[in-house]
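Subject: Structure handover

Hello,

Here is the structure we talked about handing over. My notes on what was found follow below it.

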Amino acid sequence: MSDSDGGTYSSAAYDSTIGIQAETVHNSNVYFVHPDASPQEKYRVGVRLLEDGIPSRAREMITDAIAHGYHNAEVRFHWVLAMLSARTYHDLSVEEVQRLHHASGLVRTYAEDKWKEALRVTFDLLAALGTASGGAGPVLKQLQDLPSRQHDAILRHLDLVLTGGLKDDLWTETLERARAERFDNARVQRVWAYFEPSPIGARAVLPRPSTATAAAARAALPLRVVLFVASSVMLGALAWSAHPAQAVCESLVALGAGRIAARCGVRWWGRESRPEHTAGASVPEPHSPTPAEDGFTKGVRSKFDHYFSVRTPYGFTSEAWLAHTAEVRSDLAAEIADLYRESRIGVGRVTWLIRYLAEEARNRHNNGTLFDHLRQDQTPARTMALTVVALAALGAAALSGFGTAVSGAAQPQPLWAFLALLGAAWSGHAAAQLWLEVRREEHRTAREAREYQEQLTARQNAHQRWKALLDETRPSELEMETWLTCDKTSFIDEALRHHRLTWRDLITHTILVAPAPSYRRARVRGGPWRYSHYVIRLFLFTRDGIREISSELKFSDATRKNEQRSNYRFDALSSVQVTENADVGYDLELVLTNGPARKIRVKDADAHQLTPDESAREFSEISLSAAGFTHTFRLLEGVAADGKDWIERHNPDNLTPFQVAG
């Protein structure tokens with residue numbers, strides 16, 4: 001169901017060079033609050049930000065709600081989680097530790113409920129950091145007794161805070177939950193919809209306005225008709241004066257033949273003929289040829305070729321169907337490119353329409369109506385024969401009337417009869433041409449108006465069906481974040497088992513997620529980029545050095561490939577640098593004493609994708625935090641600066657316990 005609109009870039013997991021590819025910003029207001037919003041509304045948005053993996057903004061929102069008087073055990077619980085989420089205890093500033101200490105003293109002031117108990121357990125876990133596994137038994141029992149919502153939230157957001165034996169005791173439970181949720185809610189069948197661009201609205205070719213030629217014909221027609229009628233009446237009067245009975249017969253024949261000629265002639269010549277290869281669609285006026293097609297037009301043609309090749313009728317191979325519909329595809333591609341080119345959109349936003357038109361062409365072929373317009377535009381032989389006979393009869397009646405007027409009168413007036421015949425023939429021919437021109441134009445405008453309305457209605461229905469499918473299928477931010485968290489947990493578990501490590505063996509760890517080659521990316525307004533392909537890079541800090549493991553992750557089905565491992569001592573990491581380029585993105589550069597510098601693309605540029613109400617600085621911080629960059633850079637920078645001395649400062653056994661206020 002998903003089609004990549006970007007090119008393919010080849011790169012290894014290390015030293016990645018990644019270009020901007022297909023990207024989508026979903027128009028959602030879930031993270032935005034009005035400046036005058038109530039504290040309750042700000043808290044609600046803050047909790048959503050926290051659950052969706054944006055703790056930095058969640059801290060701001062919940063702190064603001066508390067500052068404006070919205071304060072209870074539930075609010076304070078989520079504030080504490082936001083303070084600790086995606087951070088280690090060492091990442092907290094002195095001021096933040098003091099604020100947590102102050103908050104721990106407020107627990108006793110809250111009414112007894114599940115939120116107060118969860119808040120108490122959270123602070124007890126902080127106080128248990130650095131203690132032996134056995135010493136943490138009571139608080140672990142309290143954690144297990146919490147309701148699942150509070151229990152799961154603590155395990156998820158204190159992931160980096162909990163270390164050593166305390167983490168070992170909880171790891172089995174964390175891993176089991178990750179395995180249960182990793183493919184929950186039909187992940188494999190739904191992820192594609194998150195990266196699908198929002199479909200642009202339906203359009204069809206507008207009817208062309210009436211031409212100047214038709215307007216001139218409409219203006220000149222009355223005069224020609226008056227001349228024709230006057231000449232015909234004069235000829236009839238001359239014939240009547242010569243031989244009344246014969247004149248009546250000739251007049252009746254002329255009137256009947258003229259009526260038949262008019263009715264049949266308008267079916268023959270009064271309709272605008274269309275190009276034979278157009279598949280029943282009104283096409284825009286031909287454009288002047290250009291030296292080369294623009295990128296959008298090329299993309300549209302490529303999509304038409306793709307979808308016609310996979311939407312083939314029964315009995316056709318892809319190649320045969322493409323050859324059979326070559327001119328149809330060309331016309332449709334020109335139409336779509338002409339309709340949407342000025343919108344400055346990517347081809348992905350109009351792919352739904354291209355897919356629909358390919359399916360429509362197949363269905364019309366199957367029911368035998370693909371080329372119905374050819375049969376409709378062809379004039380039946382019977383109509384053409386009747387027209388010719390009627391015109392012949394009309395001419396014969398006119399000549400007969402002329403003969404009657406000249407030969408049957410007592411005083412023949414051949415000159416007037418000749419002038420009347422000549423005037424009737426000339427003005428009749430001219431009036432017929434003008435009338436047919438007017439009728440052709442009326443027929444064209446009526447046909448194009450009808451086809452426009454039919455096409456627009458059908459395309460609007462197709463647009464609504466596709467949009468409804470996307471809205472129904474697209475995963476929420478919480479689901480996307482949960483699946484990614486489960487992938488990280490599984491990756492960490494495999495790395496620990498491969499290196500035969502336990503959490504007691506680790507000083508700390510950090511995980512960095514970055515865009516992989518050949519990705520698609522999407523986000524909601526105010527949220528971080530999410531990618532169809534990631535490079536997950538895990539750093540395990542042990543007393544012997546750093547273990548680095550990276551792998552490419554295909555997010556739709558959680559498959560991994562191109563795993564690479566690297567080990568180096570603390571003193572081998574000489575420096576860590578960050579390169580920021582507004583047009584490229586963020587690069588993290590690791591310089592080792594025993595090897596070349598390695599650049600890791602952390603995120604691509606995104607300034608051109610910001611909406612007017614988004615701050616470039618704030619959005620960059622959100623994206624970097626969601627990628628794990630902030631924590632990873634702080635750890636690696638500390639190791640590069642301190643070498644082996646870094647171990648003593650970050651050793652869990654030397655951690656100063658958190659003091660819960662009495």
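Strand β2 and strand β5 (residues 533-542) run antiparallel and are joined by nine bridges. One of the pairings can be located by residue: A514 has V535 in β5 as its bridge partner. Please keep in mind throughout that this is a predicted model.

The surroundings of β2 are easily stated. Ten of its ten residues are buried, so β2 is largely enclosed by the rest of the structure.

T510 is a residue to look at in this strand, as β2 spans residues 506-515 and contains it. Its relative accessibility is 1%, and because buried means under 20%, T510 counts as buried. What does the side chain of T510 make a polar contact with? The partner is the side chain of T632, at 2.8 Å. With neighbours within four places in sequence set aside, the contacts of T510 are R537, L538, F539, F541, G628, H631, T632 and L635. T632, the polar partner, is thus also on the contact list.

Next, the salt bridges. A search of the whole structure gives 34 of them. Three are described here individually, followed by a network.

The first pair to mention is R57 and E618, whose closest N and O atoms are 4.0 Å apart. R57 belongs to helix α2 (residues 55-67) and E618 to helix α20 (residues 616-626), so this salt bridge ties together parts that are 561 residues apart in sequence. The two ends do not share a burial class: R57 is buried, with a relative accessible area of 9%, whereas E618 is partly exposed, with 26%.

R87 and E96 also form a salt bridge through their side chains, with an N to O distance of 2.8 Å. Both R87 and E96 are buried.

E563 and R565 make another, and here the closest N and O atoms are 2.5 Å apart. E563 has a relative accessibility of 34% and counts as partly exposed. R565, at 42%, counts as partly exposed too.

Apart from these pairs, there is a network: E112, K116, E117 and R120 are joined into one by salt bridges that share partners.

If you open the model with one region in mind, T510 and T632 would be a place to begin, given the polar contact between their side chains. The R57 to E618 salt bridge could follow, as it links helix α2 to helix α20.

Regards

How values were computed: Residues numbered from 1 in each chain as written. Predicted model: local features only at pLDDT ≥ 70, side-chain atom pairs only at ≥ 80, totals over all residues. Heavy atoms only, no water. Helix = DSSP H or I, 4+ residues; strand = E, 2+ residues; numbered from the N terminus. Buried < 20%, exposed > 50% of the residue type's maximum accessible area, 1.4 Å probe, protein only. Polar contact = N/O pair within 3.5 Å; in protein donor to acceptor, adjacent residues only side chain to side chain. Contact = heavy atoms within 4.5 Å. Pairing = 2+ DSSP bridges.
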